[in-house]
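Here are my notes from going through this one, in the form of numbered points. Have the structure open while you read, and stop wherever you want to look for yourself.

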Amino acid sequence: MTATEPATSGAMAAAPAPQPAPGATPPHKPLRARAAAELVGTAALVAIVVGSGIQATELTDDVALQLLANSTATVFGLGVLIVLLGPVSGAHFNPAVSLAEWWTARRGGPGVTGRDLAAYIPAQITGAITGAIAADAMFGQPLVKWSTHERSAGNLLLGEVVATAGLVLLIFGLAHTDRLRFAPAAVASYIGAAYWFTSSTSFANPAVTIGRAFTDTFAGIAPSSVAGFIAMQLLGAVAGLGLVALIFTNTQQDQIAGEPSPR
């Protein structure tokens, strides 16, 4: 769930190249390995989300405690997955993040190419579906049962815009300020917080949204709600990139000039 670091300007051409930050997409890794990391990472993430949701509902009827258990497991699991797989694929686990990185790359920055994107997104979606089925299997649930949990209200859709915009702002803001080493803790913490401060409990991820439609459990989403959530997530990603451009436009120039970057 991280982005590559910003491109170096001509004025910095003679300076030593910075070491890749943990989580930055490593271009030297074979695409097959990176796609596999995205598939496995997204599968594990959805298994954590769905599995902890099932476990929580089996342990308590208190919805607040269920959400606390679900969000806590997701925070720790996501942080571990980013640390483990970030050096391989960038640990996107999220088509919205991959698309945002591709967009910045085609505008001159480093990042995933169109070919990478064509491998990443199918891997992420396949992984998400696999993770949901695996979680259901572990808890003795039907392997595939479409969720009946409708999430189509306007306030929930707004929550997805906010959650995804914040996620993209965080990831690319860390990249622009050379702080991607903090991504595992920062991204996991943001998702954990967004579980609670957004009305939608922060799916913020098209692949995870698709995967969660395959399970009729606490974490599920009805198939009829999936398209609306994905549309709002993509809108949120665009909004997040807009905020990055607005807030961090002069970050590199400030750093070149020796001035402190925006905090």
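The points below take up the salt bridges, the cavity, a few helices and some single residues.

1. One thing before the details: this is a predicted model. Every distance and angle in these notes is computed from that model.

2. Let's start with the charged pairs. The structure has 2 salt bridges. One of them joins Arg 34 to Asp 116, with 3.4 Å between the closest N and O atoms. Arg 34 sits in helix α1 (residues 31–59) and Asp 116 in helix α4 (residues 114–138), so this pair links distant parts of the chain, 82 residues apart. Are these two residues buried or exposed? Arg 34 is buried, and Asp 116 is buried too.

3. Lys 145 and Asp 216 form a salt bridge as well, and here the closest N and O atoms are 4.0 Å apart. Lys 145 is in the loop between α4 and α5, while Asp 216 is in the loop between α7 (206–212) and α8 (223–248), so the pair ties together parts that lie 71 residues apart in sequence. Lys 145 has a relative accessible area of 43%, which makes it partly exposed. Asp 216, at 28% relative accessibility, also counts as partly exposed.

4. Next, the inside. How many cavities of 30 Å³ or more does the structure hold? There is 1, and the space in it comes to about 120 Å³. Its lining is made up of 12 residues, and those nearest the centre are Leu 45, Thr 74, Ile 191, Ser 202 and Phe 203. The elements giving two or more residues to that lining are α1, α2 (63–89), α6 and α7.

5. Trp 196 is worth a click. This residue lies in helix α6 (residues 183–197) and is partly exposed, with a relative accessible area of 45%. Leaving out residues up to four places away in sequence, Trp 196 touches Ala 64, Leu 67, Leu 68 and Ser 71. With Ser 71 there is also a polar contact between the two side chains, at 3.1 Å. Leu 67 is 129 residues from Trp 196 along the chain, yet their C-alpha atoms are separated by 8.3 Å.

6. A little further along comes Thr 201, in the loop between α6 and α7. At 17% relative accessibility, Thr 201 counts as buried, because the cut-off is under 20%. If you set aside its neighbours within four places in sequence, Thr 201 is in contact with Leu 67, Arg 151, Ala 194 and Tyr 195. Leu 67 is thus a contact of Thr 201 and of Trp 196.

7. Now for helix α3 (residues 95–106). Its 12 residues reach 16 Å from the first C-alpha to the last, close to the 16 Å expected at 1.5 Å a residue. At the start of α3, a side-chain oxygen of Asn 94 comes within 2.9 Å of the backbone nitrogen of Ala 96. After the helix comes Gly 108, with a positive phi near 115 degrees.

8. Which residues of α3 are buried? They are Pro 95, Ala 96, Val 97, Ser 98, Ala 100, Glu 101 and Ala 105. What do these buried residues pack against? Their partners are α4, α5, α7 and α8.

9. Helix α5 (residues 154–176) passes the length check as well: 23 residues at 1.5 Å each should span 33 Å, and the end C-alpha atoms are 33 Å apart, which agrees. Following α5 is Asp 178, whose phi is positive and near 55 degrees.

10. Last, two backbone angles to look at. Most residues other than glycine have a negative phi. Phe 93 has a positive one, near 55 degrees. This residue lies in the loop between α2 and α3 and counts as buried at 0% relative accessibility. Ala 204 likewise has a positive phi near 55 degrees. Ala 204 is placed in the loop between α6 and α7 and is buried, with a relative accessible area of 0%.

Definitions and conventions
Residues are numbered from 1 along each chain as its sequence is written. This is a predicted model: local features need pLDDT of at least 70, side-chain atom pairs count only at pLDDT 80 or more; totals for chains, interfaces and linings use all residues. Side-chain values use heavy atoms; hydrogens and water are left out. Helices (H or I, at least four residues) and strands (E, at least two) are DSSP runs, numbered from the N terminus. The expected span of a helix is 1.5 Å times one less than its number of residues. Buried means under 20% relative accessible area, exposed over 50%, partly exposed in between (1.4 Å probe, protein chains only). Contact means heavy atoms within 4.5 Å. A polar contact is a pair of N or O atoms within 3.5 Å; within protein, one must be able to donate a hydrogen and the other to accept it, and residues adjacent in sequence count only if both atoms are side-chain atoms. A salt bridge is a side-chain nitrogen of Lys or Arg within 4 Å of a carboxyl oxygen of Asp or Glu. On a 1 Å grid over the protein atoms alone, a cavity is a set of points where a 1.4 Å probe fits but cannot get out, and a pocket is an open set with protein on both sides within 12 Å along at least five of seven lines; lining residues have an atom within 4 Å of a point. Grid points are joined across faces, edges and corners, and a volume is the space filled by probe spheres set on the points.
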